[in-house]
Amino acid sequence: MSGEIDDAQTHGGGSADDWEFEYRSRRLAVIGVVIAVVVLVIHITFGALLTISNTGPDNIGFADQAAVILIGVVIAGAVMLLARPRLRVGPQGVAVRNLTTERVFGWDQVLGLDYPEKGFGGQLELPGDEHVPVLAIQAGDGEKAVAAMERFRAIEARHRP
């Protein structure tokens with residue numbers, strides 16, 4: 001929840017006992033909300049001003065206004081996907097939800113969680129030099145991201161074979 005390090009919380013699937021740790025980036029969620037609000041304000045303003053005289057053709061009406069506002073709502077909704085990234089860790093493995101989908105990896109697939117020098121987010125290391133970006137852990141979260149990495153490693157030490 002909101003950049004905080006939460007114990008035993010889930011949203012959507014399973015019970016609180018399924019996951020020992022959950023982390024979400026507060027900064028990424030705030031950025032998503034701010035951008036979505038700006039997009040909505042711009043589209044609502046332009047939609048409202050669209051039928052004012054001297055704006056162009058006379059055949060612009062309510063449907064055009066509604067379309068401009070609806071486009072803003074769709075774009076704002078897409079931007080709000082930035083609030084979705086989440087990392088969950090438990091006995092069954094690691095669940096990484098980035099913008100759209102969540103993938104669950106068993107401990108036998110996970111080699112660790114890394115934060116590359118030139119990256120802006122964490123990476124879940126998998127066999128064969130593969131990795132999965134973990135958008136929930138962002139450099140901009142500072143100490144909270146560091147604490148999340150430490151907590152991940154403590155749980156990993158208990159559960160990984």
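Here are some friendly notes on this predicted model, going from the overall layout to a few individual residues.

1. **Overall layout.** The chain holds 3 helices and 8 strands. Reading along the sequence, you will meet them in the pattern β-β-α-α-β-β-β-β-β-β-α. Of the 161 residues in the chain, 35% are buried. If you take the contacts with a separation of 6 or more, 51% of them join residues 24 or more positions apart.

2. **Helix H1 and its span.** Helix H1 covers residues 26-49, which makes 24 residues. At 1.5 Å a residue the expected span is 34 Å, and the end C-alpha atoms are 35 Å apart, so the two values agree. At the N-terminal end, Ser25 acts as the cap, with a side-chain oxygen 3.1 Å from the backbone nitrogen of Leu28.

3. **The buried residues of H1.** Which residues of H1 are buried? They are Leu28, Gly32, Ala36, Val39, His43 and Gly47. It helps to recall that an α-helix has 3.6 residues a turn, so residues three or four places apart point the same way. The cover over the buried residues of H1 includes helix H2 (62-79) and strand E8 (130-138).

4. **How H1 meets H2.** The axes of these two helices come within 8 Å and cross at roughly 175 degrees. An angle over 145 degrees counts as roughly antiparallel, and therefore H1 is roughly antiparallel to H2. On the H1 side, the residues in contact include Ile35, Leu40, Ile44 and Phe46, while those from H2 include Gln65, Val68, Ile69 and Val79. Gly32, Ala36, Val39, His43 and Gly47, listed above as buried, are also among the H1 residues that meet H2.

5. **The largest nonpolar core.** This core has 21 residues, and those with the most contacts inside it are Leu87, Val94, Leu113, Leu124, Val134, Ile137 and Phe152. Two or more residues each come from strands E2 (21-23), E3 (86-90), E4 (93-97), E7 (121-126) and E8, and from helix H3 (143-159). H3 gives the largest share, 5 residues.

6. **A look at Leu124.** Leaving aside residues up to four places away in sequence, Leu124 touches a list of partners that includes Val94, Leu113, Val134 and Phe152. Phe105, Val110 and Gly112 are also among its partners, as are Glu130 and His131.

7. **A buried arginine.** Is Arg86, in strand E3, buried or exposed? Its relative accessibility is 2%, so Arg86 counts as buried. The side chain of Arg86 makes a polar contact, at 3.0 Å, with the side chain of Glu102.

Key. Residues are numbered from 1 along each chain as its sequence is written. This is a predicted model: local features need pLDDT of at least 70, side-chain atom pairs count only at pLDDT 80 or more; totals for chains, interfaces and linings use all residues. Side-chain values use heavy atoms; hydrogens and water are left out. Helices (H or I, at least four residues) and strands (E, at least two) are DSSP runs, numbered from the N terminus. The expected span of a helix is 1.5 Å times one less than its number of residues. Buried means under 20% relative accessible area, exposed over 50%, partly exposed in between (1.4 Å probe, protein chains only). Contact means heavy atoms within 4.5 Å. A polar contact is a pair of N or O atoms within 3.5 Å; within protein, one must be able to donate a hydrogen and the other to accept it, and residues adjacent in sequence count only if both atoms are side-chain atoms. A nonpolar core is a set of buried Ala, Val, Leu, Ile, Met, Phe, Trp, Tyr and Cys residues joined through side-chain atoms within 4.5 Å. Axes are lines fitted to C-alpha atoms, for helices over the stretch in contact, and angles run from 0 to 180 degrees between N-to-C directions. Angles under 35 degrees count as roughly parallel, over 145 as roughly antiparallel, 65 to 115 as roughly perpendicular and the rest as oblique.
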